[in-house]
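Trainee: I should like to go through this protein with you. May I ask a few short questions?

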Amino acid sequence: MMRAFGWSEFLFILSALQWTLLLTAVALVVGGVCGLLVALLRIQSARWMRLLSAGYIELFQGTPLLLQLFVVYFGIGLFGVNVDAWTAAAVALSAHTAAFLGEIWRGSIQAVPRGQWEGAHALALSYGAQLRLVILPQAVRIAIAPTVGFVVQLIKGTSVTALIGFTEITRAGQLVNNVTLSPFIVYGVVAGLYMLLCWPISILSRRLEKGLDRTRRSRPGKTRKQTV
C-alpha cells in the first residue's frame with residue numbers, strides 16, 4: 001500500500017542512523033586493533049611477517065568492499081555456518097578497516113625520524129619500550145589526520161551493507177522508497193544525513209592536515225633559533 005512521505009517515514013530513516021554509527025564504531029575499534037597489529041608486522045625485520053601483512057593489505061585494498069562483504073555473508077555459509085547481516089557487515093568492515101588503517105599507521109611509524117629510533121636504542125630500551133614510549137606517541141600525531149579522513153570513507157562505505165539486508169541509512173531509505181515511491185525526497189534525506197555525518201569530519205581532517213604541515217614547517221626555524 002502506497003503512502004506519502006511524511007514525518008514517520010523520516011523518523012524511520014533517522015532511527016537507522018544509530019546502526020550506521022554503531023557499525024562504524026565497531027569497525028573502527030576492531031579494525032583499529034587489528035590494523036595496529038598489521039602495521040607492526042609491516043615494520044618487523046622478519047621477512048615472512050612483512051610479506052604476510054603486505055599480502056593482507058594488498059588483498060583488502062585491491063578488492064571491492066562489496067565483494068568482501070559478499071564473501072563473508074555468502075561464503076561462510078558454504079561451511080554450514082549461518083551468518084546474519086549484522087555479523088557479516090561487522091566482520092567485513094573490520095577486516096577492510098584493518099587493512100587501510102594498518103597501511104596508514106605503518107607509514108606514520110616509518111615517518112618518525114630514524115634518529116628517534118637510534119636515541120631510544122641508545123637509552124637501552126627494549127623494542128617494545130621504544131615503540132610504546134618514543135615512536136608510537138610521535139606516530140600518533142602524524143596518523144591523526146589521515147585516520148580521521150578514512151573515517152569519512154568508512155561511514156560512506158557502510159552503505160554497501162544494504163545489499164545484504166542490514167538496515168542502516170541506505171537500506172532504510174530503500175524500504176521507505178518502496179512504499180512511498182518518492183525517490184527524490186527519500187534519497188535526498190539519506191544524502192543529507194550522510195553529509196551531516198561526514199562534512200564536519202572532513203573539515204576536521206583538513207584542519208588537522210594543515211596544522212601538521214604548519215608544525216613541520218615551523219620546526220627548522222625553531223631549531224635554528226635555539227641553536228643561535
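The conversation below moves from the overall fold to individual residues.

Mentor: Please do, and keep in mind that this is a predicted model.

Trainee: How many helices and strands does the protein have?

Mentor: There are nine helices and zero strands. Along the sequence the pattern is therefore written α-α-α-α-α-α-α-α-α, each helix being a DSSP run of at least four residues.

Trainee: What is the radius of gyration, set beside that of a compact globule?

Mentor: The protein has 22 Å, whereas a compact globule of 228 residues would have a value near 17 Å. Along the principal axes, the C-alpha atoms fill a box of roughly 80 × 50 × 25 Å.

Trainee: And what share of the residues is buried?

Mentor: Buried residues account for 38% of the 228. The accessible surface is about 13100 Å², and carbon and sulfur atoms contribute 67% of that surface.

Trainee: What about contacts between residues well separated in sequence?

Mentor: Taking the contacts with a separation of 6 or more, 74% join residues that are 24 or more positions apart.

Trainee: Changing topic to charge: how many positive and negative charges are there?

Mentor: The protein carries 20 positive and 8 negative charges, and their mean positions lie 12 Å apart.

Trainee: Now single residues. Where is Thr97, and is Thr97 buried or exposed?

Mentor: Thr97 belongs to helix α5, which covers residues 85-111. Its relative accessible area is 0%, so Thr97 counts as buried, the cut-off being under 20%.

Trainee: Which backbone atom does its side chain reach?

Mentor: The Thr97 side chain reaches the backbone oxygen of Leu93, at 2.7 Å. Beyond its neighbours within four places in sequence, Thr97 contacts Ala27, Leu28, Gly31, Gly102, Phe150 and Leu154.

Trainee: What does the side chain of Asn177 reach?

Mentor: It reaches the backbone nitrogen of Ser182 at 3.3 Å. Asn177 sits in helix α8, residues 169-180, and is buried because its relative accessible area is 12%. Apart from residues up to four places away in sequence, Asn177 touches Ser182, Pro183, Val186 and Tyr187.

Trainee: Which residue in the loop after that helix has an unusual backbone angle?

Mentor: Leu181, in the loop between α8 and α9, has a positive phi of about 50° although it is not a glycine. Leu181 counts as exposed because its relative accessibility is 54%.

Trainee: Let us turn to the start of the chain. Where does Phe5 lie?

Mentor: Phe5 lies in the segment before α1, the helix of residues 7-15. With 22% relative accessibility, Phe5 counts as partly exposed.

Trainee: Which residues does Phe5 contact?

Mentor: Outside its neighbours within four places in sequence, Phe5 is in contact with Phe10, Ile13, Val176, Thr180, Ile185, Val186 and Val189. Val186 is also touched by Asn177.

Trainee: How far is Phe5 from Ala88?

Mentor: Their C-alpha atoms are separated by 31 Å, with the two positions 83 residues apart along the chain.

Trainee: One last residue: what can you say of Val190?

Mentor: Val190 is found in helix α9 and is buried, with a relative accessible area of 5%. Its C-alpha atom is separated by 10 Å from that of Ala16, although the two are 174 residues apart along the chain.

Trainee: And its contacts?

Mentor: Setting aside neighbours within four places in sequence, Val190 contacts Ile13, Ile169, Thr170 and Gly173. Ile13 is also among the contacts of Phe5.

Key
Residues numbered from 1 in each chain as written. Predicted model: local features only at pLDDT ≥ 70, side-chain atom pairs only at ≥ 80, totals over all residues. Heavy atoms only, no water. Helix = DSSP H or I, 4+ residues; strand = E, 2+ residues; numbered from the N terminus. Rg over C-alpha atoms; globule rule 2.2 N^0.38 Å. Buried < 20%, exposed > 50% of the residue type's maximum accessible area, 1.4 Å probe, protein only. Contact = heavy atoms within 4.5 Å. Areas by Shrake-Rupley, 256 points an atom, 1.4 Å probe, with all protein chains shown as cover. Lys, Arg positive; Asp, Glu negative; His and termini not counted. Charge placed at Lys NZ, Arg CZ, Asp CG, Glu CD. Polar contact = N/O pair within 3.5 Å; in protein donor to acceptor, adjacent residues only side chain to side chain.
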